[in-house]
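I opened this entry to record what I looked up about helix packing and aromatic contacts, and in which order I did so.

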Amino acid sequence: MDLIDIAKVQPLIERFTGKDVYIHLETTNGAYASHFNEKTFSAGAYIRNGKIRYTRGKITGEGPYRVGLKMDLGWIYAEGITHWELDARNRLLMAGHDREGKLAVALQISETPFE
Amino acid sequence: MEKHVLIIFPHPDDEAFGVSGSIAQFTGSGTPVTYMCLTLGEMGRNMGNPPFATRESLPEVRKQELLKAADVLGIKDLRMMGLRDKTIEFEDPEKLVGIFIDAINELDPSLIITFYPGYSVHPDHDACGAAVIEAVRRLPESKRPKVECVAFSHNCEEELGKPDVIRDVSKFMNKKLDTLDAHKSQTAGLMAGMKKRLQANEEELMNWIQFERFWTYPFENNDEKTGS
């Protein structure tokens, strides 16, 4: 994956505008978070292959970045995005990795379902 | 000597931490080992630093690491079960129990190693262990293999007592380190810190590597409890 360059990622987000797309969105602090530190409040959320359509999409911030997708009746957003990749199947993979490289958040957009 | 050992864990690398020395000891003495690994650790958070894997490429990375670990340990029968990381507790428990009963009937193991339900921290670990226990519980008492459980929650010794099986695997220390090393995407950071500690011959770490601890599951005390 590459570090976010808004000039490269913004047009890729726009490429999917107005299409039926599949979304992978997750955030987590890991299953061991409260095992290693009892003060941690463990929380996470995960949706894979949510089928949506967005009318506008934007990446913003000074890094880590925020990505918001506006739908007819609502919103999707992710905060903490640091890396991106357009994979061989033209899926836009965006991820936020913490200082140790651990995945903290992922937002991925694809025209075909994720396996 | 065991006739056949069946290891059941949910994630590639679960076998590496507290069990790889035992596995090396079994295969080294000619006991066949089957490892059923339920998922490919698709939701792992370690992606390298800087990251070399993506959410979508991680399963293939971890699959290759698992194959390598099985090779290091001399496991000839590795079964990747195709479930998804972090979803085990949401699966139909009967589906899991059925899979395990089928495997037990097929392999007739003398020993099963899995996680101690309720004492293994990760929800996948607990759900995996609970389904294995339930599968064995349904066998007639005379046909039940021994079940050794791994537990590492903070309260495990307080509630379960001391582990009753302690295996000295010091002879297989290098295989254990090689197994941990095989799971690079998950263990690279850990291994870097560990090598320094090994050089210092740190007692706690050496103890962790050389002795593996298990709790034999006490079916006779729990026959009614685990049914729920």
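**Helix crossing and ring pairs in chain B**

I began with α7(B) and α9(B), which are roughly perpendicular to each other, since a crossing angle from 65 to 115 degrees counts as such and their axes cross at roughly 95°. The axes of α7(B), residues 173-182, and α9(B) come within 9 Å. I noted that this is a predicted model, and I treat every value below as computed from it.

Which residues make the contact between α7(B) and α9(B)? From α7(B) I listed Met173(B), Lys176(B), Leu177(B) and Leu180(B), and from α9(B) I listed Met206(B), Trp208(B), Ile209(B) and Gln210(B).

Within that contact I looked at Lys176(B), which lies over the face of Trp208(B) at 5.0 Å from the ring centre. I then turned to the ring pairs, of which the structure holds seven over all chains. In one of them, Trp208(B) is paired with Phe17(B) in a tilted arrangement, with 6.4 Å from centre to centre and 55° between the planes. Phe17(B) belongs to helix α1 (residues 14-18) and Trp208(B) to helix α9 (residues 203-210) of chain B, so this pair ties together parts that are 191 residues apart in sequence. I also checked accessibility: Phe17(B) counts as partly exposed at 29% relative accessibility, and Trp208(B) counts as partly exposed at 29% as well.

How are the rings of Tyr116(B) and Tyr217(B) placed? Their centres are 5.4 Å apart and their planes stand at 50°, so I entered the pair as tilted. This pair links distant parts of the chain, 101 residues apart, with Tyr116(B) in the loop between β4 (111-115) and α5 (123-137), and Tyr217(B) in the loop between β7 (211-216) and α10 (219-222) of chain B. Tyr116(B) is buried, with a relative accessible area of 7%, and Tyr217(B) is buried at 8%, because buried means under 20% relative accessible area.

I added a further note on a cluster, in which ring pairs link Phe9(B), Tyr35(B), Phe115(B) and Phe152(B).

My last look was at α5(B), which has 15 residues and reaches 21 Å from its first C-alpha to its last, close to the 21 Å expected at 1.5 Å a residue. Is α5(B) mostly covered or mostly uncovered? I found α5(B) mostly covered, with 11 of its 15 residues buried, among them Asp124(B), His125(B), Cys128(B), Ile133(B) and Glu134(B).

Definitions and conventions:
Residues numbered from 1 in each chain as written. Chains lettered and ligands numbered in written order. Predicted model: local features only at pLDDT ≥ 70, side-chain atom pairs only at ≥ 80, totals over all residues. Heavy atoms only, no water. Phe/Tyr/Trp six-rings, centres within 6.5 Å; stacked < 30°, edge-to-face > 60°. Helix = DSSP H or I, 4+ residues; strand = E, 2+ residues; numbered from the N terminus. Buried < 20%, exposed > 50% of the residue type's maximum accessible area, 1.4 Å probe, protein only. Lys NZ or Arg CZ within 6 Å of the ring centre and 35° of its normal. Expected span 1.5 Å × (residues − 1). Axes fitted to C-alpha atoms, helices over the stretch in contact; angles between N-to-C directions. Parallel < 35°, antiparallel > 145°, perpendicular 65-115°, else oblique. Contact = heavy atoms within 4.5 Å.
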